[in-house]
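Trainee: I should be grateful for a close look at one part of this protein, namely its open and enclosed spaces. Would you please begin with a pocket and then go on to what lies inside the fold?

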Amino acid sequence: MVSGIATFLMTSSTWAQSVNIAPMTWNQRSDWINVKTDPNISPHATGDGVTDDTAALQSALNLASTSLVSDISAIGKRTVYLPPGTYKISSTLTWNTGNYGITGLSLIGSGSNTTIAWSGAGGGTIFKSTGVSRARYIGMKWNGNSVAASAIWFEPHNTSNGIAEAPVRIENNAFVGFTGAALNFQNRSGTEWTGQADVWNCLFYLCHIGAQIDPQGKGNNFEYMFERCEFEYCDTGIDSYGNTAQMVFDTHFDHSSIADMTAKMQVRARRCTSTNSKMFFASPYWSGSAGNLHVFQDCWVDSWKNTGGGGNSGAIQIGDRCLGMIFDCKFTGPPNGNPPINLTNPNWSTETDFLVSNNSCPGFSSQTAMVQTGSNGGAANVLPINVAPAYSNWGITKILGSPNFVFLNSGAYGDGPILDVVTQYGAANDTTVDARNAIQAAIDQARNNNNGSIVYIPAGYYKIGASLNVSGGNYTIQGCGFYSQLCWTGADGGALMSVDTPNNVKLSSFVVKVANTTPSAVGIKETAGGPGKLTVDWVYFFQYGPGLYPGNSNPLKNLSSLNGGQGLLLDGLPAGSLTSIGLWAGPIHIRDCGRAEILGNHINGGQLTVEGANYAPIGFLGFLYSNMGFVAQQTSLYDIVIKNNQDFVSGDFYNEQTVNNLSLEGGSSWNGRVAIQGFRQQGINSTAINANNYRGRLFYGPQGFENYNPSGSPLTVNITQTGGSLLDMVLVADAFHHSTPNITRSGTVCHLIEALDEWRTDNWSTLTPMAPVPNPLASGDYASIEAGLDHLRQLGLEDLKVLNGWNLTVLPPPPLLANPGFESDSVWARPPSGWSNWGQIPSDADVAYSQNGGLSHSGNMHLTHWRGGATGWGNVKTVQMFIGIPNGTYTFRAWGKATSSSVHGALAAEAYQAGGGWTTAPIPVSGTYQQITLTIPVSNNQCQVSLWSYADTGNVEVDADDFEFFKNP
């Protein structure tokens, strides 16, 4: 197909490239292959842009990939380094993968100062990889010169040992002038797979397609993350065809002639901007399986050019049956009066179901008016959520002044001084001698230097018999990637790496391993006595011993498990502590860290456990993307375990071939909140969700639930709730594949909010609604759904602040109070959701409960203390407790009124000061609400607030509504 890209390439000088990738300055490592100087390759590259460097680069690639994965005892050098220069290439380069596949290779350049330029035949490919797992491509400009079709082509060959093209890191690369797909991810058959690709901070300019996933529809392509990227003047930015799942975060598109993104399966676009493209997203009709799941969050689309009518119009055009959500999106500069969102589904009998909230477009006054739905063929059901977000200034559409914003970081990267543990400190890297003391000496020196030093661990196997102690700050501990392996030989229960109160410490690009005979040993343990910052990226955890590669006689050089043991333990992190996780592969245990800030970007494999009864979840815990699970298929274990009413949010979640998925447990006095959106949650004879006495809110959706049965017959997907704690279970836009949902709960305490959910028993039947669509919802249900979206909004702000470096301290934190206006209780509830009732409550009376009926200050619900008959009541408090909050002065206020002087009501608060008690402010006798305010000094991180009352007689009452509790500046 000849398209607009031909015009772009012929007249490229017409358009100016708005940004470039960052220049990178490296201090060469001892185990890098320098293509210009390494004595073991011939010829050497020149990088002068004139000499053909194909043979030189291929010689370096062959040297890096001489050892097959079946013989991992031979390591050598695994990184090919391209110093500044322009390397002329005339034929396709490739890793020497053979038919077996290899792992852990890296290709590193100097960012904008390293160019790989094509001079071969038209339609060629510069680089092709046929099966390298855990590979990295960092810092290169790929120039197709308007001749080459592709820069990097991933096509794994089927292998007996299961190595595939995943995960892959492509970071700080530029792709310019390609006539096909600059990045091409595909499989030869459905038995091979590519995926888990992190495409970070990359530029795509003047390409027919920036990145293409599964163009032949072979399937088995999952988990592609595009983050902080820039797509300019491409026909299509990102295109995916078959069984894919792609995530696009913090990315800008400009002048895409076909569409910024096209896909037939699942797309998550969050915090993206688009200007002058034909469309932001297009998903055409196809006869695939039902239940595609799309989410568009906080995107700004400006001046799109799609002026067609009917099914061919809009900035977002979805012509296939699917479920999803579009919220916080801003559409400006429309080409005509057509709605910006087009959900036509003209040729299929199954509905398209979408939740919409907080979107805006000039000329459209409501959420539903912004959505065009088809009338011939499949209908579209739209569920508008008209409750306002917690804060009006959340999101890029509020923060940015223009949609012409480039997220890509072009600031120069400078390397720190190198402290090589082998060449400078004498560490043995072959397991013959304990290397702990040598590596510790390098760490101690880096801490003392305090100058950004890099403790470098070259490729090798390092025997570690005692903990490596990491403290202080301003340094990095770094390996070459998968082949820098630290092997624990110490006692069970010990920690290979013990990190205490780090101050800007980074752990990067290595493997930690413990013996399968010491399952309680920890790979990395972080503790802290005060505020600090730790970054973990491209780190893997394994157990070693006889197992996956039995040909190796030395067990330290083997692997026995991919997910067992204790991988990363975060223990007792305080307020002000930040742990940022780029890519981590292995189990994670988070204990008593409710006050800390923990953000994960790409979490892969193993079990997640979050617990802690000592501190309320006033900090933040969330993952942008997580693929937890594969817990040895043990029927008693869950992939994600959240205990003690702790919080957790995952923007995108995927797992398969596991057993049980999500376990929520109570046991603490505060309310918890869990929010998850996902691509797939597949179990085997499993329980998908089990909530046992968990109190607060679970927001889940969209998600594709599936209970897999190898025999092929459909099973039930079990969702259960037990215990007496109040729980809002929000299931919205969920699809149950090959399965029938089975929800069991206690109707008196578990409030099920369910809408747009559908199920099917096989791959091709129409989806069956679980309830009327849209499901009739009470006003409090809408508020609970919006609160779940607020949790996802907070995850987005953490992404912008932590990973993008935005200064967002001016934004207020999420509200401390749960259910402040009692709208989470759509009907009478005692006690109200999120609150506890204390005191002398008669056994025959309700006394303290949330109530509807037109007596509220705002909304439909409020709090009432009342008892019928002639008898009053004693001291009663409706309370929320806060443990672990920052010290300072707080404001507690509410609107209240009392019906008679015979009832005594007050706002009350206790800050647990030594010798202190409750501070109160009376609620006046009045026919109208009046605002009452308390100022509370908190000095030991604890406080409880309440509505307090007692009555001399019955049939009198105190009403209160719209509570607020916040820390003063």
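Mentor: Let us begin with the second largest pocket, whose lining is made up of 49 residues; Glu171, Tyr413, Lys506, Thr535 and Asp537 lie nearest its centre. Please bear in mind throughout that the model is a predicted one. The space in this second largest pocket comes to about 1400 Å³. Sorted by class, its lining holds 21 polar, 19 nonpolar and nine charged residues.

We may now turn from the pocket to the cavities. Searching the whole structure yields four cavities of 30 Å³ or more. The largest cavity has a volume of about 110 Å³. Its lining consists of 15 residues, and those nearest the centre are Cys593, Gly594, Leu621, Gln646 and Asp647. Two elements, β51 (608-611) and β52 (620-627), are the ones that give two or more residues to this lining. By class, eight residues of the lining are nonpolar, four are polar and three are charged.

The second largest cavity contains about 60 Å³ of space. Among the residues that line it are Arg271, Asp298, Asp328, Trp394 and Arg793. Helix α5 (residues 779-803) supplies the largest share of this lining, with four residues. The classes here are four charged, three nonpolar and three polar residues.

Next comes the packing of the interior. In soluble globular proteins, nonpolar side chains tend to be buried together. In this model, the largest nonpolar core has 81 residues, and the members that touch the most others are Trp95, Tyr137, Trp142, Phe175 and Phe280. Strand β14 (residues 168-185) gives this core its largest share, seven residues. A separate core of 72 residues lies apart from it, and Tyr462, Ile464, Leu662 and Ile719 are among its members.

A strand can be enclosed as well. Strand β58 (residues 696-700) has five of its five residues buried, and it is therefore largely enclosed by the rest of the structure. Consider the partners of β58 on each count. Strand β56 runs parallel to β58, and five bridges join the two. One pairing is that of Gly672 with Gly696, the latter in β58. Strand β61 (residues 727-732) also runs parallel to β58, again with five bridges between them. Here Phe699 has Val730 of β61 as its bridge partner.

Loops, too, can hold buried residues. Trp670 is found in the loop between β55 (660-665) and β56 (672-684). Because its relative accessibility is 5%, which is under the 20% limit, Trp670 counts as buried. The C-alpha atom of Trp670 is separated by 6.8 Å from that of Asn645, although the two residues are 25 apart along the chain.

A second example is Arg867, located in the loop between β69 (862-866) and β70 (873-883). The relative accessible area of Arg867 is 11%, so this residue is buried as well. A polar atom of the Arg867 side chain lies 2.9 Å from the backbone oxygen of Gly872.

To return to your request, the open space described here is the second largest pocket, of about 1400 Å³, while the enclosed spaces include a largest cavity of about 110 Å³.

Technical notes. Residues are numbered from 1 along each chain as its sequence is written. This is a predicted model: local features need pLDDT of at least 70, side-chain atom pairs count only at pLDDT 80 or more; totals for chains, interfaces and linings use all residues. Side-chain values use heavy atoms; hydrogens and water are left out. A nonpolar core is a set of buried Ala, Val, Leu, Ile, Met, Phe, Trp, Tyr and Cys residues joined through side-chain atoms within 4.5 Å. Buried means under 20% relative accessible area, exposed over 50%, partly exposed in between (1.4 Å probe, protein chains only). On a 1 Å grid over the protein atoms alone, a cavity is a set of points where a 1.4 Å probe fits but cannot get out, and a pocket is an open set with protein on both sides within 12 Å along at least five of seven lines; lining residues have an atom within 4 Å of a point. Grid points are joined across faces, edges and corners, and a volume is the space filled by probe spheres set on the points. Ala, Val, Leu, Ile, Met, Phe, Trp, Tyr, Cys and Pro count as nonpolar, Asp, Glu, Lys and Arg as charged, and the others, Gly among them, as polar. A polar contact is a pair of N or O atoms within 3.5 Å; within protein, one must be able to donate a hydrogen and the other to accept it, and residues adjacent in sequence count only if both atoms are side-chain atoms. Two strands pair if DSSP finds at least two bridges between them.
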